[in-house]
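Reader: I'm new to this structure and would love a close look at just one part of it. Could you walk me through one of its sheets and whatever packs around it?

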Amino acid sequence: MHDNTLSDGNRKKFLQLAERYEQQINFYNVEEICPEKISEIKNLIPGAEESRFTAGALYRLVIVCVLPEEIEKAIYFDSDMLIHADIKNLWDTDLGEKFIAAVPESEADIICFKNLTAARHYLITSGRVKFENYFNSAVLVMNLKKLRTSKNILDEGIKFIAEHTECIYFDQDILNYCFAGDYVKLPNNFDRFVPDLRRHELNPMPEQDRIYHYTGPNPTFDFSDNLSRLYLEYFTKTTWFDIDFLKNISEGFHKFNAEQKDFATAISAVVSGKTRAFCAVPENIEFLKQAFYIRDDEEIIPYESPESLKKLVKSIKKSHGKNIFFILLTEYGDIRETLQSDGLEEWTHFVNAVDFLSDAHGIPFKSYFIVQAM
């Protein structure tokens, strides 16, 4: 399922990939098959296209309109999945009279923080869906025959999400609104989250018969991480692993190298003639001292509450540009906005301390250029 953004080059690669493994692939352009329905959904949920999700996330909602009537069952996968299993086991799921089968999100997340997971879903916090029933929509076994007899049920879900802007997962919330109370719960080996969060730290070994879900807005790859290696191993088997990819990787490394040199030049200019100062939460101060080899005469401001921000602003202004403050806070983006609104400038009065930390400090290598090359 695709729209008009599918290029001729990528279409050709899909065809070559199917031929390589003696398979068949069919292309369904949703913008040509059901343009009115797609337009209606986009108009009702404009926030979907403004989020980190693309409009493509909504296309699973029209699958019964797209696939031919004779197809009564389908497996749906998001594009960020790695199928390290035989999907026949998934296909053999007995749906009975259920509309769909899916994996509960609390079971899918290998690093599940229950309170955080629940808090980010309005359907859960509002009491409409139980935490243990809310499912992830990246892997679905769909009973198309039954769905075709109840097309209005999805329309009701779309209407609900359009009226409740607190729902930020759009297609997933629509499906949960419709089916979370009555669906086949799949075992978690069919949808195992591989989030960036702490993946490098945990570094689990890949298991057989698993479908891995590489979640998150900013995918990264680290060759020392087993699950990254597994993804890249499969990538080399695709038609996208070609001379253009190698060319893009080479250009990415050159650009990254140039950026690092520019960064070093910029910081040398910033600290020239200035005294370093630091700001971090109390529990990170000892780490900060070791990471930056802080001297006894260098100022450290503990960030203990929002009131600490006033002290930070006062200290920066009091230094009259003679100090450069290294700020190590998870909410750095918000802090930066506040400081800038106070007339202070990044890279003149303060910088993000995380930019100076490495793998040795627990900050993963910024490998997004590898993703772009792919």
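Author: Let's begin with β10 and β11, which run parallel to each other and are joined over 3 bridges. One pair to look for here is Phe-325 with its bridge partner Phe-350, which sits in β11. Please keep in mind that this is a predicted model.

Now step back to the whole sheet. It is open, has 4 strands in the order β9-β8-β10-β11, and its pairing is parallel. At the edges stand β9 and β11 (350-352), each of which pairs on one side only. Neighbouring strands of this sheet are turned against each other by 25° on average, with direction ignored. As you look along the strands, one general point may help: side chains in a regular strand alternate between the two faces of the sheet.

Moving along the sheet, we come to strand β8 (residues 275-280) and strand β9 (residues 299-302). They run parallel and are joined by 4 bridges. A pair to find in this part is Ala-280, which stands opposite Pro-302 in β9.

How does the chain get from β8 to β9? Together with helix α16 (residues 285-292), these two strands make a β-α-β unit, and this unit is right-handed.

That helix deserves a closer look of its own. Which residues of α16 are buried? They are Ile-285, Leu-288, Ala-291 and Phe-292. If you view α16 down its axis, these buried residues fall within an arc of 125°, so they line one face of the helix. As for what they touch, the buried residues of α16 pack against β8, β9 and β10 (323-328). Just after the helix comes Tyr-293, and its phi is positive, near 50°.

A further helix belongs in this picture. Helix α17 (residues 306-318) lies across β8, β9 and β10, and it runs at about 155° to β9. So try finding β8, β9 and β10 on your screen once more: α17 lies across these strands, and the buried residues of α16 pack against them too.

For a contrast, you can turn to another sheet in the model. This one is also open, with 3 strands in the order β2-β7-β6, but its pairing is mixed. β2 (81-84) and β6 (192-193) each have a single partner strand, so one side of each is left without a neighbour in the sheet. Within it, β6 and strand β7 (residues 210-213) pair in the parallel sense over 2 bridges, and Arg-192 stands opposite Tyr-212 in β7. Here the helix to look for is α14 (residues 226-235), which lies across β2 and β7 and runs at about 85° to β2.

How values were computed
Residues are numbered from 1 along each chain as its sequence is written. This is a predicted model: local features need pLDDT of at least 70, side-chain atom pairs count only at pLDDT 80 or more; totals for chains, interfaces and linings use all residues. Side-chain values use heavy atoms; hydrogens and water are left out. Two strands pair if DSSP finds at least two bridges between them. Contact means heavy atoms within 4.5 Å. Axes are lines fitted to C-alpha atoms, for helices over the stretch in contact, and angles run from 0 to 180 degrees between N-to-C directions. A crossover is right-handed if, with the strands pointing away from the viewer, the path from the first strand over the helix to the second runs clockwise. Buried means under 20% relative accessible area, exposed over 50%, partly exposed in between (1.4 Å probe, protein chains only). The arc is that of the directions from the helix axis to the C-beta atoms.
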